Amino acid sequence: MTEASHRIIIKRPVIATAHHGGAWKIAYADFMTAMMAFFLVMWLLGISSPKQLAGIAEQFKMPLKAAIAGGPASGNSSTVIPGGGADPTRAAGDVKQSETESDTDSNDNKSLGSLKQRLDNMIESSPVLKQFRPQLLIDITPEGLRIQIVDSSNRPMFDRSSAIVVSYMRTILREIGPVLNAQPNKITLSGHTDATLYMQGDKSYSNWELSADRANASRRELIAGGMEDKKVLRVMGVASSMNLNQDDPYAATNRRISIVVLNHRAQAEIESSNAANPANAGVKSAHARQATIGQSPANLSGTPL
């Protein structure tokens, strides 16, 4: 055998490698994904409302362990619903709801109902007031608790054709004053006359002025009895525009003083309407003064009781 036939050939595979390697591509892809997520988060925050942003901030304040478990008070809840409790309207529960408008109305009804009961008990237990019970009408209206002191043919509240309070009317108002003062609600007073036309001297003085003067005289008696002046929100005269006895506009019961202990909704509406447009405050004040004194565009004649 020749030397050429015994030659050994070794083949080694050649491994081709890319220039600088390919790991940078993975890192670049991760970077672009993170940037896309970052800009997506920024866009979502930009279109979110302040309320939504506050909720997101609260979520980030919560520890991760508590968030996964269902909330900070999830361990204290006996219900399978996260955030539940025995009574969600109470502080003892896991969820404390804010007071809604219906809750306010319900509280007003309870408070004014208690005031009505207190007035009824006071009238029944007082020998002085009990004799005037037929002339005291107390009921609940959409505006609040209404106390009406009505006139009687045999027992008028004011001197004839004047705003001078008679003795028994003064007693009623001064007895009611301290009870109203104990209530946080503000009140309105309105004076009413019957439809008998007024004619006594000056033609510019009519049932409108008379009813307003009687309402204001009643206000003074309430304050003299112990009620604070700041509790009065409005005093007005409405003449015979709102008769209690619709069938007989000349009935004695139409002559009355109406005191309304306002609920929160009615009080807020009156206060907001008076302060709705500060630019027109001067015009509104003039209108309020006109409504208070009860000026009427027409000249009335006759003599009311």
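Valine 232 counts as buried, with a relative accessibility of 17%. In this predicted model, valine 232 belongs to strand β4, which covers residues 232-237. If you pick out its C-alpha atom on screen, you can look for a partner from another part of the chain: the C-alpha of leucine 189 lies 7.8 Å away, although valine 232 and leucine 189 are 43 residues apart along the chain.

Strand β4 also leads us to an open space. The second largest pocket has a volume of about 240 Å³. Its lining is made up of 14 residues, and those closest to the centre are Glu143, Arg146, Ser190, Ser258 and Val260. Which strands contribute at least two residues each to this lining? They are β2 (144-150), β3 (187-192), β4 and β5 (256-262). The chemistry of the wall is mixed, with 4 nonpolar, 6 polar and 4 charged residues.

Now for the enclosed spaces. Rolling a probe the size of a water molecule over the atoms shows where empty space is left. The structure contains 2 cavities of 30 Å³ or more, and the largest cavity holds about 40 Å³ of space. Around the largest cavity you will find Leu119, Met122, Ile123, Leu129, Leu136, Ile138, Ile147 and Ile176. By class, that makes 8 nonpolar residues, with no polar and no charged ones. Both α4 and β1 supply at least two residues to the lining of the largest cavity, and α4 gives the most, with 3 residues.

Helix α4 deserves a second visit, this time for its charges. Side chains of opposite charge can pair when their charged atoms come close. Over the whole structure, a search finds 11 salt bridges. One of them joins the side chains of aspartate 120 and lysine 116, with an N to O distance of 3.2 Å. Why are these two separated by about one helical turn? Because they are 4 residues apart in helix α4, which runs over residues 101-125. The two partners fall into separate accessibility classes: aspartate 120 is buried, at 14% relative accessibility, whereas lysine 116 is partly exposed, at 26%.

Another salt bridge brings together the side chains of glutamate 124 and arginine 133, at 3.7 Å from N to O. Here glutamate 124 is partly exposed, with a relative accessibility of 43%, and arginine 133 is partly exposed too, at 25%. These pairs are not isolated, as Lys116, Asp120, Glu124 and Arg133 are linked in a network of salt bridges.

A further bridge spans distant parts of the chain. Arginine 170 pairs with glutamate 221, and their closest N and O atoms are 3.5 Å apart. Arginine 170 sits in helix α6 (residues 167-181) and glutamate 221 in helix α7 (residues 207-224), so far as sequence goes 51 residues apart. Is each partner buried or exposed, or partly exposed? Arginine 170 is partly exposed, at 29% relative accessibility, while glutamate 221 is buried, at 11%.Let us finish with the rings. A pair of aromatic rings is described by the distance of the centres and the angle of the planes. The whole structure has 2 aromatic pairs. In one, phenylalanine 38 and phenylalanine 39 have ring centres 5.5 Å apart and planes at 70°, so this pair counts as edge-to-face. Phenylalanine 38 is partly exposed, with a relative accessible area of 44%, and phenylalanine 39 is exposed, at 51%.

The rings of phenylalanine 132 and tyrosine 168 form a tilted pair, because their planes meet at 45°, with centres 4.8 Å apart. Phenylalanine 132 lies in the loop between α5 (127-130) and β1 (136-141), and tyrosine 168 in helix α6, so the pair ties together parts that are 36 residues apart in sequence. Phenylalanine 132 is buried, with a relative accessible area of 6%, and tyrosine 168 is buried as well, at 9%. Tyrosine 168 has one more neighbour to look for: the charged end of arginine 155 sits over its ring, 5.7 Å from the ring centre.

Note on methods. Residues are numbered from 1 along each chain as its sequence is written. This is a predicted model: local features need pLDDT of at least 70, side-chain atom pairs count only at pLDDT 80 or more; totals for chains, interfaces and linings use all residues. Side-chain values use heavy atoms; hydrogens and water are left out. A salt bridge is a side-chain nitrogen of Lys or Arg within 4 Å of a carboxyl oxygen of Asp or Glu. Buried means under 20% relative accessible area, exposed over 50%, partly exposed in between (1.4 Å probe, protein chains only). Rings of Phe, Tyr and Trp (its six-membered ring) pair if their centres lie within 6.5 Å; planes under 30 degrees apart count as stacked, over 60 as edge-to-face and the rest as tilted. A charge sits over a ring if NZ of Lys or CZ of Arg is within 6 Å of the ring centre and within 35 degrees of the ring normal. On a 1 Å grid over the protein atoms alone, a cavity is a set of points where a 1.4 Å probe fits but cannot get out, and a pocket is an open set with protein on both sides within 12 Å along at least five of seven lines; lining residues have an atom within 4 Å of a point. Grid points are joined across faces, edges and corners, and a volume is the space filled by probe spheres set on the points. Ala, Val, Leu, Ile, Met, Phe, Trp, Tyr, Cys and Pro count as nonpolar, Asp, Glu, Lys and Arg as charged, and the others, Gly among them, as polar.
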